[in-house]
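Dear colleague,

I am handing over the structure we spoke about, and I would be grateful if you could look through it alongside the notes below.

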Amino acid sequence: MRVCIDPGHGGHDSGARNGLLLEKDIVLEIGLLTAGLLRDRGVDVVLTRTRDVFLGLRERAEIANAAQADAFVSLHCNGAASPNASGVETWHYLGSGAGRELARSAYFALRDAAAGHKPRGVKAANFAVLRLTTMPAALLEYEFITNPKRGAWLARPETHLLLAQATATGVLTFMEASA
């Protein structure tokens, strides 16, 4: 099985931020860790980016499609105007049953790993990276970087590993159920 891991944002697009804490940096680190964990389990992994570069949404989907990935997982930190917003959630493309199952597998793994964080659920959306990919796709929102407490949690290296392990678990659970 081949999985495409997409660390969101990059380059001039920092994504959500909390002072000097940038979404693009956090999700790149988690993406690299997730890729290593999946490769250790024998999964063929393609990353949309391995360094701080900008890629358009269509380009991200094209990388996954060209690689003929069996699953696509886009990694993000959430942001909101309210500094009190918090929680983990996952997204899938409207009407994609397999994408919904991938998002559910990832969500349950994240929810369990982030015990004590608000469970925001599995949701459907028309996000470009979910719509333009030809395989089951999920977008993960790890937590709200704009929440001071949750941003501090997201900044910690041990959190990066925890979230990478949860992401890998979600992908592996989906793969086992799909086999």
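The notes that follow cover the cores, the largest pocket and a few single residues.

This is a predicted model, in which local features need pLDDT of at least 70 and side-chain atom pairs count only at pLDDT 80 or more, while totals for chains, interfaces and linings use all residues. Residues are numbered from 1 along each chain as its sequence is written, and side-chain values use heavy atoms, with hydrogens and water left out.

To begin with the interior, the largest nonpolar core (a set of buried Ala, Val, Leu, Ile, Met, Phe, Trp, Tyr and Cys residues joined through side-chain atoms within 4.5 Å) has 37 residues, and those with the most contacts inside it are Val 3, Ile 5, Leu 38, Leu 75, Leu 140, Tyr 142 and Leu 154. At least two residues of this core come from each of β1 (2-7), α1 (23-40), β4 (44-47), β5 (71-78), α3 (97-113), β8 (137-144), α5 (148-155) and α6 (157-178), where helices (H or I, at least four residues) and strands (E, at least two) are DSSP runs numbered from the N terminus. The largest share, eight residues, is supplied by α6. There is also a second, separate core of 13 residues, which includes Cys 4, Ala 69, Val 129 and Leu 130.

Leu 140 is in contact (heavy atoms within 4.5 Å) with Val 73, Ser 74, Leu 75, His 76, Glu 89, Thr 90, Ala 106, Leu 110 and Thr 167, leaving aside its neighbours within four places in sequence.

One of those partners, Glu 89, lies in strand β6 (residues 88-93). Glu 89 has a relative accessible area of 4% and is therefore buried, given that buried means under 20% relative accessible area, exposed over 50% and partly exposed in between (1.4 Å probe, protein chains only). The side chain of Glu 89 makes a polar contact of 2.9 Å with the side chain of Asn 78, and another of 2.9 Å with that of Arg 120; a polar contact is a pair of N or O atoms within 3.5 Å, where within protein one must be able to donate a hydrogen and the other to accept it, and residues adjacent in sequence count only if both atoms are side-chain atoms.

Turning to the largest pocket, about 150 Å³ of space lies in it, and of the 15 residues that line it, the closest to its centre are His 9, Leu 57, Arg 60, His 76 and Val 129. A pocket here is an open set of points on a 1 Å grid over the protein atoms alone, where a 1.4 Å probe fits, with protein on both sides within 12 Å along at least five of seven lines, and lining residues have an atom within 4 Å of a point. Grid points are joined across faces, edges and corners, and the volume is the space filled by probe spheres set on the points. The elements α2 (57-66), β5 and α4 (128-131) each supply at least two residues of the lining.

His 9 is placed in the loop between β1 and β2 (17-18) and, at 19% relative accessibility, counts as buried. Although it is not a glycine, His 9 has a positive phi of about 65°. Gln 68, in the loop between α2 and β5, also is not a glycine and has a positive phi of about 55°, but at 63% relative accessibility Gln 68 counts as exposed.

With best wishes
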